[in-house]
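Student: I've never seen this structure before and I'm not sure where to begin. Could you pick one spot, look at it closely, and then work outwards from there?

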Amino acid sequence: MTLLFALDCHNAVHADWHASGKGCEDITMDRIGEMIARFKPDHVAACFDSPVSFRRDLWAPYKADRPEKPDGLLWALAECWRRLSDKSIQCYRANGFEADDVIATLAERYNGKVVIASTDHDLHQCLEPSRV
């Protein structure tokens with residue numbers, strides 16, 4: 001059975017940026033490299049949030065209390081996308097959706113085992129014994 005490694009890159013970059021600030025993309029890329037080496041997946045899906053979410057259209061208060069993303073964080077997200085692409089790692093972003101939505105869709109549709117790397121608790125609903 002093949003293995004898909006689905007990574008919530010938006011979540012990883014965001015956490016690393018808040019922990020270390022400028023230069024976090026090196027830390028994020030090192031962590032991703034270590035996880036790929038550990039799991040040795042057949043496929044890697046690096047998932048990112050869309051700038052806008054359909055949830056905001058459905059419910060205006062959705063994440064309304066959160067400040068705008070700082071320019072440095074936006075740059076780090078774009079830089080990680082570029083570096084992953086340069087390593088031939090497939091990056092995904094779906095218009096109007098967050099990375100966890102993309103990961104859940106990939107996990108549901110993938111015909112094999114899936115490892116999800118994220119601290120987003122919403123992804124717990126995807127867990128399936130012996131598959132995800």
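**A histidine and its surroundings**

Tutor: Let's begin with His 10, which has a relative accessibility of 10% and counts as buried because that is under 20%. Before we go on, keep in mind that this is a predicted model.

His 10 sits in helix α1. What does His 10 touch, once residues up to four places away in sequence are set aside? The list is Cys 47, Phe 48, Asp 49, Lys 69, Leu 77 and Ala 99. A few of those names will come up again, so here is the space around them. The largest pocket holds about 1,100 Å³ of space. It is lined by 32 residues, and the closest to its centre are His 10, Asp 49, Lys 63, Arg 66 and Lys 69. Asp 49 and Lys 69 are also among the residues that His 10 touches.

Which elements give two or more residues to that lining? They are α1, α3 (54-58), α4 and α5 (99-109). With five residues, α1 gives the most, and α1 is the helix where His 10 lies. As for the character of the lining, 14 of its residues are charged, 12 are nonpolar and six are polar.

Now follow the nonpolar side of the story. In soluble globular proteins, nonpolar side chains tend to be buried together. Here, the largest nonpolar core has 19 residues, and those touching the most other members are Leu 7, Cys 9, Val 13, Ala 46, Phe 48 and Leu 84. At least two residues of this core come from each of β1 (3-8), α1 (9-20), α2 (24-39), β2 (43-47) and α4 (71-86). The most generous is α4, which gives five. Apart from this core lies another one, made of 12 residues, including Ala 99, Ile 103, Val 114 and Leu 123. So the neighbours of His 10 bring us to both: Phe 48 belongs to the largest core, Ala 99 to the other, and His 10 is in contact with each of these two residues.

Leu 7 is worth a glance too. Beyond its neighbours within four places in sequence, Leu 7 is in contact with Ile 32, Met 35, Ala 45, Ala 46, Cys 47, Ile 103 and Ala 117. Ile 103 is a member of the 12-residue core, and it is also one of the buried residues of α5, along with Ala 99, Asp 100, Asp 101, Val 102 and Ala 107. Among the elements covering those buried residues are β1, α1, β2, α3, β3 (90-92) and β4 (113-117).

Let's stay with α1 a little longer and turn to charges. Side chains of opposite charge can pair when their charged atoms come close. The side chain of Asp 16 forms a salt bridge with that of Arg 31, at 3.2 Å from N to O. Asp 16 belongs to helix α1 and Arg 31 to helix α2, so the bridge ties together parts that are 15 residues apart in sequence. Are the two partners buried or partly exposed? Asp 16 is buried, at 9% relative accessibility, while Arg 31 is partly exposed, at 33%.

From α2 we can hop to α4. Arg 83 and Asp 26 meet through their side chains in a salt bridge of 2.7 Å, N to O. This one links distant parts of the chain, with Arg 83 in helix α4 and Asp 26 in helix α2, 57 residues apart. Both count as partly exposed: Arg 83 has a relative accessible area of 21%, and Asp 26 is at 40%. They also belong to a network of salt bridges that links Asp 26, Glu 79, Arg 82, Arg 83 and Asp 86. Across the whole structure, a search finds six salt bridges.

To finish, look at what follows these two helices. Lys 40 is placed in the loop between α2 and β2, and Ser 88 is in the loop between α4 and β3. Neither is a glycine, yet Lys 40 has a positive phi of about 50° and Ser 88 has one of about 65°. Unlike buried His 10, Lys 40 is exposed, with a relative accessible area of 64%, and Ser 88 is exposed at 70%.

Definitions and conventions:
Residues are numbered from 1 along each chain as its sequence is written. This is a predicted model: local features need pLDDT of at least 70, side-chain atom pairs count only at pLDDT 80 or more; totals for chains, interfaces and linings use all residues. Side-chain values use heavy atoms; hydrogens and water are left out. A nonpolar core is a set of buried Ala, Val, Leu, Ile, Met, Phe, Trp, Tyr and Cys residues joined through side-chain atoms within 4.5 Å. Buried means under 20% relative accessible area, exposed over 50%, partly exposed in between (1.4 Å probe, protein chains only). Helices (H or I, at least four residues) and strands (E, at least two) are DSSP runs, numbered from the N terminus. Contact means heavy atoms within 4.5 Å. On a 1 Å grid over the protein atoms alone, a cavity is a set of points where a 1.4 Å probe fits but cannot get out, and a pocket is an open set with protein on both sides within 12 Å along at least five of seven lines; lining residues have an atom within 4 Å of a point. Grid points are joined across faces, edges and corners, and a volume is the space filled by probe spheres set on the points. Ala, Val, Leu, Ile, Met, Phe, Trp, Tyr, Cys and Pro count as nonpolar, Asp, Glu, Lys and Arg as charged, and the others, Gly among them, as polar. A salt bridge is a side-chain nitrogen of Lys or Arg within 4 Å of a carboxyl oxygen of Asp or Glu.
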